[in-house]
Amino acid sequence: MVLIKKSELQAIYIMWIRQLKRFVRAKSRIISTIIQPLFFLVFLGLVLNNMIKLPASSGNLQFLDFFAPGIIAMGIMFSSMMAGVSVLWDRQFGFLQEVLVAPVSRFSIVIGRTAGGSTTALIQGFIMLIIAMAVGFKISSFSGLLLGIVFMILMAFIAVGFGLALSSIMKDFQGFQLIMNLILMPAIFLSTAFFPVEYYPSFLKILVYINPITYCIDGLRNSLTLLSGYPYIILPVSLDLLISIVVCIAMMGIGSYLFSKSEV
Amino acid sequence: MSIIETNNLTKKFNGLVAVDNVNFEVEEGEIFGFLGPNGAGKTTTIKMLITLLRPTSGTARVAGFDIVKERNRVRECIGVVFQEPALDTELTGRENLDFHARMYGLSRVEREKRIVDVLQLVDLTDKADVLVKNYSGGMKRRLEIARGLMHYPKVLFLDEPTLGLDAQTRNAIWRYIKRLNKEEGTTIFLTTHYMEEADYLSDRAAIIDHGRLLVVDKPEGLKNRVGKDLINLKCSNMRNLKKILEKEEWVENVKIVDSSLLLSVKHGEEKIPHIIEIAQSTGIKITSIDLHKPTLDDVFLYYTGRRIREQETERTIAARFRRH
């Protein structure tokens with residue numbers, strides 16, 4: 001393991017701070033990232049909650065307890081993917097050159113990016129969690145919440161890595177919308193974010209099962225409602241965790257490899 | 001000792017040669033101008049020197065370090081002002097400088113002192129806490145120059161520092177560049193396609209065209225190569241007049257450029273009546289005649305047969321059409 005020099009830590013720190021400052025200053029972005037999941041939770045979640053009755057075995061749990069973790073996961077993943085893709089903005093506005101010409105290793109640049117992007121995504125995740133609790137979502141236990149945070153961090157890293165990879169392959173914004181619609185939306189829809197896997201037709205079930213995001217969301221749901229006998233859980237939480245960690249390492253690896261290969 | 005030294009520096013893009021076996025040296029403490037039209041290979045050369053592009057072949061040493069093998073050491077020694085603005089417009093001027101200082105590992109004491117210094121150098125002290133998106137084009141440029149100096153670089157690279165700025169702002173930027181070269185003793189490597197800029201700023205200038213380095217000298221020396229005075233005339237039968245004038249011993253050089261005849265002579269004001277006499281005696285009609293001291297544009301013309309200016313306008317118009 002190579003020791004990171006003090007100057008590299010300082011560089012990572014300032015890249016992290018920069019993204020937090022930009023996040024806090026872009027008021028309209030914060031509002032829109034909160035408004036959208038808020039609408040999902042309130043307009044969709046509360047209505048579905050009244051419509052869908054859970055099996056008797058689920059005790060005092062309701063559909064919202066299933067739905068809210070999915071929406072939180074969706075919010076975190078969208079937001080951190082955008083943070084990864086924002087390298088494109090930096091490239092477009094020339095700021096990336098300023099970063100690349102500095103005596104800082106490419107590895108530290110990737111770490112700084114990831115730290116900044118996932119921090120802002122997690123802040124949004126927490127805001128959504130609070131909103132969800134305000135409309136009736138219940139967290140099982142404090143340890144469950146801690147485990148849930150681990151899953152949230154893993155999700156954020158996976159999405160930042162994906163965003164970094166995208167922004168390294170694409171040199172401009174063309175095709176960006178296409179990628180969003182063609183990859184991200186299906187990946188969310190086929191991940192049990194909104195619906196239990198039992199209700200997917202069998203040919204879609206296969207896609208749900210091979211989609212790694214399924215297990216991140218399953219893990220988050222598992223930990224937030226831990227040990228409370230919730231139906232529609234796919235795997236034990238330890239397996240979810242294992243899969244998520246492997247996917248996270250792979251995605252971060254791909255993202256940083258492609259980023260370090262890309263020239264200005 | 002030379003602070004930049006290139007050794008057959010070459011860059012090819014898909015077989016197209018952008019920079020072709022370029023060799024030059026830059027002395028410590030001087031302002032070195034790299035003059036050439038757009039697409040001549042100036043930016044590609046700078047990008048190789050600042051380690052953002054790898055040369056296809058050949059190499060260079062900057063501040064004693066190899067630009068391929070010792071990238072990080074080179075990066076520590078240089079400051080760069082890019083052709084396009086490279087600022088974070090959502091941060092204030094001070095925050096941009098602070099970001100830079102931390103990326104270069106300056107300590108807190110160094111950072112705070114240096115930010116005050118460089119802001120003063122470019123007269124931006126009172127705008128330091130304004131978001132950069134509210135800066136004018138000239139202010140952004142000045143901030144970038146200040147930022148390039150933050151970490152006491154040995155060499156400051158400026159890629160077209162006054163591109164797209166109005167004449168007044170351009171003069172101000174020139175003053176700052178001269179000042180920092182004098183006060184901080186920083187070596188400056190600048191590229192430009194404005195000959196006035198290369199002429200006014202550089203201690204020595206190199207002329208580059210189609211990726212090849214044509215000549216390196218002091219601006220005065222370059223102009224002296226063309227001649228003392230230049231006479232530009234339009235007339236009815238250029239070829240004939242050219243043949244006659246070529247035989248005169250006081251004519252140092254005569255060329256047909258576009259639709260006019262270009263002569264280099266000494267004491268041009270005395271030669272004009274003489275030329276008119278010769279023309280009249282052979283029945284050639286002179287429609288216009290002018291006399292000027294050589295500029296770097298004439299030097300470029302002398303070496304390439306083309307003017308930088310004309311190419312520029314053509315290119316900008318073409319680029320404008322392409323954009324729509």
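This briefing walks through helix packing, salt bridges and the interface between chain A and chain B.

The model is predicted, so local features need pLDDT of at least 70 and side-chain atom pairs count only at pLDDT 80 or more, while totals for chains, interfaces and linings use all residues. Residues are numbered from 1 along each chain as its sequence is written, chains are lettered from A and ligands numbered from 1 in the order in which they are written, and side-chain values use heavy atoms, with hydrogens and water left out.

**Helix packing in chain A**

Helices here are DSSP runs (H or I, at least four residues), numbered from the N terminus. Axes are lines fitted to C-alpha atoms over the stretch in contact, and angles run from 0 to 180 degrees between N-to-C directions. Contact means heavy atoms within 4.5 Å.

- Helix α2 (residues 27–51) of chain A packs on helix α5 (residues 106–134) of chain A at about 30 degrees, with the axes 10 Å apart. α2(A) and α5(A) are therefore roughly parallel (angles under 35 degrees count as such, over 145 as roughly antiparallel, 65 to 115 as roughly perpendicular and the rest as oblique).
- The crossing of α2(A) and α5(A) is right-handed (the near helix is turned clockwise from the far one by less than a right angle; anticlockwise would be left-handed).
- From α2(A), A:Thr33, A:Ile34, A:Pro37, A:Leu38 and A:Leu41 meet A:Gln124, A:Ile127, A:Met128, A:Ile131 and A:Ala132 of α5(A). By class, this contact of α2(A) with α5(A) has 8 nonpolar, 2 polar and no charged residues (Ala, Val, Leu, Ile, Met, Phe, Trp, Tyr, Cys and Pro count as nonpolar, Asp, Glu, Lys and Arg as charged, and the others, Gly among them, as polar).
- α5(A) also packs on helix α6 (residues 142–169) of chain A, at about 130 degrees and with the axes 9 Å apart; the two are therefore oblique to each other. Their crossing is right-handed.
- Residues in the contact of α5(A) with α6(A) include A:Phe126 and A:Leu129 of α5(A) and A:Ile149 and A:Phe157 of α6(A). That contact divides into 12 nonpolar, 4 polar and 1 charged.
- Helix α9 (residues 212–224) of chain A and helix α10 (residues 237–261) of chain A pack at about 135 degrees, with their axes 8 Å apart, which makes α9(A) oblique to α10(A). Here the crossing is left-handed.
- Among the residues in the contact of α9(A) with α10(A) are A:Tyr215 and A:Cys216 of α9(A), along with A:Ile243 and A:Val247 of α10(A).

**Salt bridges**

- A salt bridge is a side-chain nitrogen of Lys or Arg within 4 Å of a carboxyl oxygen of Asp or Glu. This rule gives 26 over all chains.
- One of them joins A:Asp90 and A:Arg18, with the closest N and O atoms 3.0 Å apart. The pair links helix α3 (residues 63–92) of chain A, which holds A:Asp90, to helix α1 (residues 6–25) of chain A, which holds A:Arg18, 72 residues apart.

**The interface of chain A and chain B**

- In this interface, 24 residues of chain A are in contact with 32 residues of chain B.
- About 2500 Å² is buried between the chains, with carbon and sulfur atoms giving 57% (buried area is the accessible area, with a 1.4 Å probe, that two parts lose on being put together, summed over both).
- A:Glu98, A:Val101 and A:Pro103 supply 26% of the area that chain A buries against chain B, more than any other three residues.
- Across this interface the rule finds 5 salt bridges. A salt bridge also joins the side chains of A:Arg22 and B:Asp88, at 2.5 Å from N to O.
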